[in-house]
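I opened this notebook to record, step by step, what I looked up about how the parts of one chain meet. The model I am reading is a predicted one.

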Amino acid sequence: MTKTNAGRFFEDYAVGDVITHAVPRTIKMGERALYHALYPARHALHSSDQFAQSCGLPFSPLNDLVTFHTVFGKTVPDVSLNAVANLGYAEGRWITPLWPGDTITSTSEVIGVKQNSNGKSGVVWVRTTGRNQHDEVLMSYVRWVMVRKRGDGEAPEPMIPELASAVSANDLVIPQGLNFTGYDFALAGEPHRLADYAAGEVIDHVDGVTIEEAEHMLATRLWQNTAKVHFDATNRPDGKRLIYGGHVISLARALSFNGLANAQMIVALNGGAHANPCFAGDTVRAWSEVLDLAETSAPGVGAIRLRLVATKGAAGVLRGDDGKYHPDVLLDLDYWALMPL
Amino acid sequence: MTKTNAGRFFEDYAVGDVITHAVPRTIKMGERALYHALYPARHALHSSDQFAQSCGLPFSPLNDLVTFHTVFGKTVPDVSLNAVANLGYAEGRWITPLWPGDTITSTSEVIGVKQNSNGKSGVVWVRTTGRNQHDEVLMSYVRWVMVRKRGDGEAPEPMIPELASAVSANDLVIPQGLNFTGYDFALAGEPHRLADYAAGEVIDHVDGVTIEEAEHMLATRLWQNTAKVHFDATNRPDGKRLIYGGHVISLARALSFNGLANAQMIVALNGGAHANPCFAGDTVRAWSEVLDLAETSAPGVGAIRLRLVATKGAAGVLRGDDGKYHPDVLLDLDYWALMPL
Amino acid sequence: MTKTNAGRFFEDYAVGDVITHAVPRTIKMGERALYHALYPARHALHSSDQFAQSCGLPFSPLNDLVTFHTVFGKTVPDVSLNAVANLGYAEGRWITPLWPGDTITSTSEVIGVKQNSNGKSGVVWVRTTGRNQHDEVLMSYVRWVMVRKRGDGEAPEPMIPELASAVSANDLVIPQGLNFTGYDFALAGEPHRLADYAAGEVIDHVDGVTIEEAEHMLATRLWQNTAKVHFDATNRPDGKRLIYGGHVISLARALSFNGLANAQMIVALNGGAHANPCFAGDTVRAWSEVLDLAETSAPGVGAIRLRLVATKGAAGVLRGDDGKYHPDVLLDLDYWALMPL
């Protein structure tokens with residue numbers, strides 16, 4: 001009888017189960033500094049207390065993806081340890097900003113299971129919720145993964161949850177007090193407001209960043225994501241470690257500053273696919289497509305729905321004639337961000 | 001006459017000398033964030049202010065090894081610069097937790113000297129003490145190193161200190177207020193309490209982490225340890241830098257979470273050997289052997305004495321038939337940690 | 001019409017223009033911890049709140065070069081994007097220390113332009129000023145760069161600013177309250193005071209540090225310097241990324257602790273040249289030459305003018321017989337620092 005965690009297998013998930021993920025985490029300014037060292041993040045609202053205050057917030061919140069990575073990292077020992085693939089995201093919403101000093105805990109409810117026809121694995125859907133020390137919801141999202149079966153027992157009753165194809169603009173939660181009527185476009189870095197963007201517009205974010213093993217491991221550890229594929233070179237003959245998909249999300253999002261400097265806060269994750277694995281040595285570029293534009297109830301605050309694509313090749317490429325992702329595409333992410341009207 | 005520090009030679013140590021090590025260091029939350037980026041540290045008491053508070057502490061202290069590394073780093077210019085080998089540790093005790101904002105200073109008393117029979121080097125024993133800005137002792141430990149002689153003068157009177165083979169359970173100092181009676185095992189990550197462990201039990205911590213040059217240099221610099229062997233690739237034909245032994249200690253201790261998640265705080269260092277050098281590219285794994293179990297005077301708080309072995313090969317291996325460490329073994333550490341009864 | 005920043009060309013600079021650089025940045029203790037991880041920085045005044053207090057300051061300010069890098073980083077999208085070369089610095093002065101929690105903004109005034117005879121590029125001089133959230137000047141410096149022309153329009157009227165060859169000792173600004181009369185040389189690490197140095201004296205700082213790609217990219221991102229040459233391996237056939245010159249400045253300055261431990265704060269940048277490009281794998285060493293010594297109006301506080309040379313070869317080398325920098329020389333920096341009398 002071992003004391004170490006062997007992880008859950010497909011049989012260990014039953015619809016309705018709620019899993020309390022271990023190791024709460026207090027996040028402060030050190031994590032913010034590290035976020036800036038790890039990613040070329042320049043969005044002003046996450047860079048300057050004064051800029052955040054000019055937008056009605058008490059001070060600069062942590063980057064929204066810090067919340068996501070930390071909440072996600074806690075689920076790894078319970079959800080991903082025997083996972084074969086991370087299949088998708090849906091219905092992600094940021095509800096409360098993460099302030100320095102907050103402590104994050106994370107729980108997941110199993111909302112769907114479906115055994116694969118091969119009898120050796122199955123798909124598990126979980127709705128994961130991150131909370132702060134006041135038990136306020138920081139964010140929640142649905143993720144589904146393919147998980148190995150332990151044995152050859154019977155398949156459970158399949159239950160496939162109905163998931164929205166995108167979070168409705170009406171359901172976006174705007175941080176309390178947020179006000180873009182006095183927004184300083186010069187300090188923010190670009191003059192473009194919501195009205196300057198049109199659905200269908202494609203933006204090449206130009207810059208490329210080559211990833212080193214040390215960088216993605218520092219980042220992934222920072223979120224206490226301990227999945228061994230990210231750290232153990234003996235897992236592959238070439239000694240490379242599979243880069244945590246969230247590292248590519250943060251990298252691409254930071255690169256998108258160049259052309260989307262005013263898409264200040266992420267408020268919803270509509271969907272996403274880690275189209276191909278990313279490895280050290282890859283040079284990541286990003287491009288975005290504007291999917292939708294909306295107003296919000298907050299003064300001066302609009303919302304922009306974006307497809308964010310990370311690629312290790314040329315910008316603009318997405319799928320081949322066969323409908324499959326081009327081998328260069330690393331990430332295809334669909335999200336809502338807030339932008340001055 | 002040079003202004004740079006050439007380091008002390010064997011002749012420069014006399015029993016009774018007290019060395020004030022330079023460069024006090026204020027440690028705050030940035031160092032804590034970096035510790036999480038550098039090591040896969042997940043022990044809840046060092047991760048969450050709320051968890052620490054539920055254990056009777058005012059908030060989450062810095063990892064105990066941050067204290068050790070910082071105190072140790074300060075000794076390097078005075079003790080290790082002309083050292084040939086780091087031979088051992090003994091009688092290490094953590095007395096006061098390190099709180100964010102504390103400033104660490106470090107002194108060492110020479111407690112033993114013995115010239116080697118070759119007349120070219122000798123062994124020096126020092127008892128190093130780290131203090132905070134209130135002059136409270138944070139920790140102290142004995143270390144002995146082999147140091148080159150400058151010249152060929154006469155050998156000093158040999159003085160070999162008597163050192164305890166282990167810190168007695170009765171001498172462990174429990175942080176003020178620590179109370180594990182309301183301990184949350186679910187949030188901590190594992191259900192095992194002290195009574196679930198037995199002396200002689202061996203735990204394979206399963207996970208492996210491959211080290212990059214950038215990572216160990218970032219870590220070693222963070223502790224202001226400037227020993228050139230860790231940073232200068234021109235010291236060896238293969239361009240590799242010898243990894244600071246403390247980096248392996250922190251890595252192995254973090255990996256030991258998987259099976260020892262409730263061994264929350266290190267309170268004593270009974271002994272330790274850096275069995276073989278560690279280099280970038282090595283994949284470090286860890287295993288532990290339970291050596292002893294004890295109660296303490298604090299409510300709900302037990303103590304577990306552990307051997308922690310880091311290896312770049314398979315877990316479980318320690319010594320060959322010749323009694324020497326197996327070439328894969330990097331570290332053999334003997335410590336006490338606190339665990340809920 | 002693209003929304004991304006294509007950068008300014010030579011034609012886009014007119015003498016008298018003031019450019020507001022984007023993305024204000026709040027700096028706290030996380031950046032300080034990272035500075036210690038990235039560079040072997042040991043100067044006590046930047047390491048310990050208590051040491052800084054013993055020198056009359058409220059607590060330990062951020063390293064002076066954190067101010068420089070952050071102010072500089074903000075200028076990159078407006079000044080360096082189409083720059084061919086970074087030609088020089090002059091008249092740099094630190095006016096107000098950077099305290100944790102301060103927010104930095106940056107502006108540049110164009111003070112000179114001169115088209116090159118080839119008609120394809122020109123030199124632009126800017127005076128860059130960094131301010132904190134109270135609109136106090138943190139520092140200012142002049143930099144000149146060679147910038148590509150967009151088209152083949154006529155040359156502007158040349159305007160070459162007159163720049164001081166060095167900041168006069170009388171113009172050095174001493175941080176308010178600074179007092180070295182109670183200076184603790186033992187804690188600072190070396191016994192040498194201003195009177196122990198003589199103009200012409202050369203100090204070999206002995207230690208060498210080999211740079212990894214991950215390290216310089218982490219550092220350069222931390223200052224929100226997004227110049228693509230530092231991050232994109234596809235820019236060169238050998239996949240190496242050109243290391244930000246400021247990374248070499250910080251590295252050499254940190255190495256200079258060994259022999260100049262009491263040159264505590266940088267207060268002026270008289271000039272500087274990035275003599276040769278630096279790449280990952282280079283082992284950086286440093287040597288200093290004492291250029292001048294001066295008293296200041298503050299109690300116990302002297303000033304030392306230093307040439308700081310970073311080299312990837314042996315210390316001491318600077319120029320060849322042809323007057324050109326030796327190929328091993330990376331940096332030749334001329335600065336004033338404060339030192340106890």
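I began with the polar contacts, and across the interface of domain 1 of chain A and domain 2 of chain A I found 9 residue pairs in polar contact, with both residues at pLDDT 80 or more. I then looked up salt bridges between domain 1 of chain A and domain 2 of chain A, and the count came to 0.

Next I asked myself which elements of chain A each supply at least two residues of the side of domain 1 that touches domain 2. I noted α3 (64–80) and β3 (83–94) of chain A, and α3(A) gives the most to that side of domain 1 of chain A, with 10 residues. Sorting the residues of this side by kind, I wrote down 10 nonpolar, 6 polar and 5 charged.

I went back to the bounds, to be sure which stretches I was comparing: domain 1 of chain A covers 1–27 + 62–153, while domain 2 of chain A covers 192–341. I also looked up how far apart they lie, and the C-alpha centres of the two domains of chain A are 21 Å apart.

For the extent of the interface, I noted that 21 residues of domain 1 of chain A are in contact with 22 residues of domain 2 of chain A. The two domains of chain A bury about 1900 Å² between them, and 59% of it is on carbon and sulfur atoms. My last entry concerns the domain 1 side of chain A, where His69(A), Tyr89(A) and Trp94(A) lose the most area to domain 2, together 32% of what that side buries.

Technical notes:
Residues numbered from 1 in each chain as written. Chains lettered and ligands numbered in written order. Predicted model: local features only at pLDDT ≥ 70, side-chain atom pairs only at ≥ 80, totals over all residues. Heavy atoms only, no water. Domains from an automatic or database assignment. Contact = heavy atoms within 4.5 Å. Buried area = accessible area lost by both parts, 1.4 Å probe. Salt bridge = Lys/Arg side-chain N within 4 Å of Asp/Glu carboxyl O. Polar contact = N/O pair within 3.5 Å; in protein donor to acceptor, adjacent residues only side chain to side chain. Helix = DSSP H or I, 4+ residues; strand = E, 2+ residues; numbered from the N terminus. Nonpolar A, V, L, I, M, F, W, Y, C, P; charged D, E, K, R; others polar.
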